[in-house]
Amino acid sequence: SLVEYLRSRLPAGSALSHGDFLQFPGHPLEPEVVQKYRLISGHFGYAHVAPYLADSYSLTFLRDPLARVLSFYKFCLNEDMQRRLPVACSAAELSVDKFMTSTRPEVVEMLDSLQTWQLADMYWMADRQRRRDCSELELLSLAKEHLQDFSLVGFTDTFAADFRRVI
């Protein structure tokens, strides 16, 4: 992965990646935590990273929404995730088709336009409540606007070529 490639070229302990940040109870990550690392990778919402974008090299990769949902469903089938996340318990109980059309709050929160929500603000229900007056088009517009703040926007479909732009 891109993260592992970059991590292998950095001094030990200077990269904070996806699951590592769970050790920090505060969200968003506090500036004193961020300053300790040369690389931070994860599924952060724009609201969490916006304060750091101007002074950092930042990148995000956009993924086909269906591929993302299918990948997330498979991730949720992991027993460890089922002990930690209510949405993973729902995935274990539902077929993939039923999962994708579920109206359970914990599923909706993680599937309903997640990339758009993540790039516009954040994706938890509390974050969605702050923007409840935004139409879907306004939210999409905000997400697109925020993409301009990243150093690199790549696509999983063109990952190899986009990866070369990083290295």
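## Buried polar residues and helix α11

The side chains of Asp121 and Arg131 are joined by a polar contact of 2.9 Å, where a polar contact is a pair of N or O atoms within 3.5 Å, one able to donate a hydrogen and the other to accept it within protein, with residues adjacent in sequence counted only if both atoms are side-chain atoms. The model is predicted, so that local features need pLDDT of at least 70 and side-chain atom pairs count only at pLDDT 80 or more, while totals for chains, interfaces and linings use all residues. Residues are numbered from 1 along each chain as its sequence is written, and side-chain values use heavy atoms, with hydrogens and water left out.

Asp121 sits in the loop that links α9 (114–120) to α10 (125–130); helices are DSSP runs of H or I with at least four residues, strands are runs of E with at least two, and both are numbered from the N terminus. With a relative accessibility of 4%, Asp121 counts as buried, the classes being buried under 20% relative accessible area, exposed over 50% and partly exposed in between, for a 1.4 Å probe and protein chains only. A second polar contact, of 2.6 Å, runs from the side chain of Asp121 to that of Arg130. When residues up to four places away in sequence are not counted, Asp121 touches Gly45, Tyr46, Ala47, Asp127, Arg130 and Arg131, contact meaning heavy atoms within 4.5 Å.

Two serines can be described in the same terms. Ser90 belongs to helix α6 (residues 86–93) and is buried, at a relative accessible area of 2%. Beyond four places in sequence, Ser90 touches Phe99, Arg104, Glu106 and Val107, and the C-alpha atoms of Ser90 and Ser102, twelve residues apart along the chain, are separated by 9.1 Å. Ser14 lies in the loop between α1 (2–8) and β1 (15–16), is buried with a relative accessible area of 8%, and, leaving aside neighbours within four places in sequence, is in contact with Tyr37, Arg38 and Leu39.

The polar contacts of these residues are as follows.

| Atoms joined | Distance |
|---|---|
| Side chains of Asp121 and Arg130 | 2.6 Å |
| Side chains of Asp121 and Arg131 | 2.9 Å |
| Side chains of Ser90 and Arg104 | 3.0 Å |
| Backbone oxygen of Pro11 and side chain of Ser14 | 2.6 Å |

Helix α11 (residues 136–147) has twelve residues, for which 1.5 Å a residue gives an expected span of 16 Å, in agreement with end C-alpha atoms that are 17 Å apart; the expected span is 1.5 Å times one less than the number of residues. Within α11, Leu139, Leu142, Ala143, His146 and Leu147 are buried. These residues cover an arc of only 145° around the axis, which puts them on the same side of α11, the arc being that of the directions from the helix axis to the C-beta atoms. The other side of α11 holds the exposed residues Leu137, Lys144 and Glu145. The buried residues of α11 pack against α3 (46–53), β3 (59–62), α9 and β4 (152–155).

The structure holds zero disulfides, a disulfide being a pair of cysteine sulfur atoms within 2.5 Å. Cys76 is in no disulfide, and the nearest cysteine sulfur, that of Cys89, is 9.1 Å away. Cys76 is buried, with a relative accessible area of 0%, whereas Cys89, at 29% relative accessibility, counts as partly exposed.
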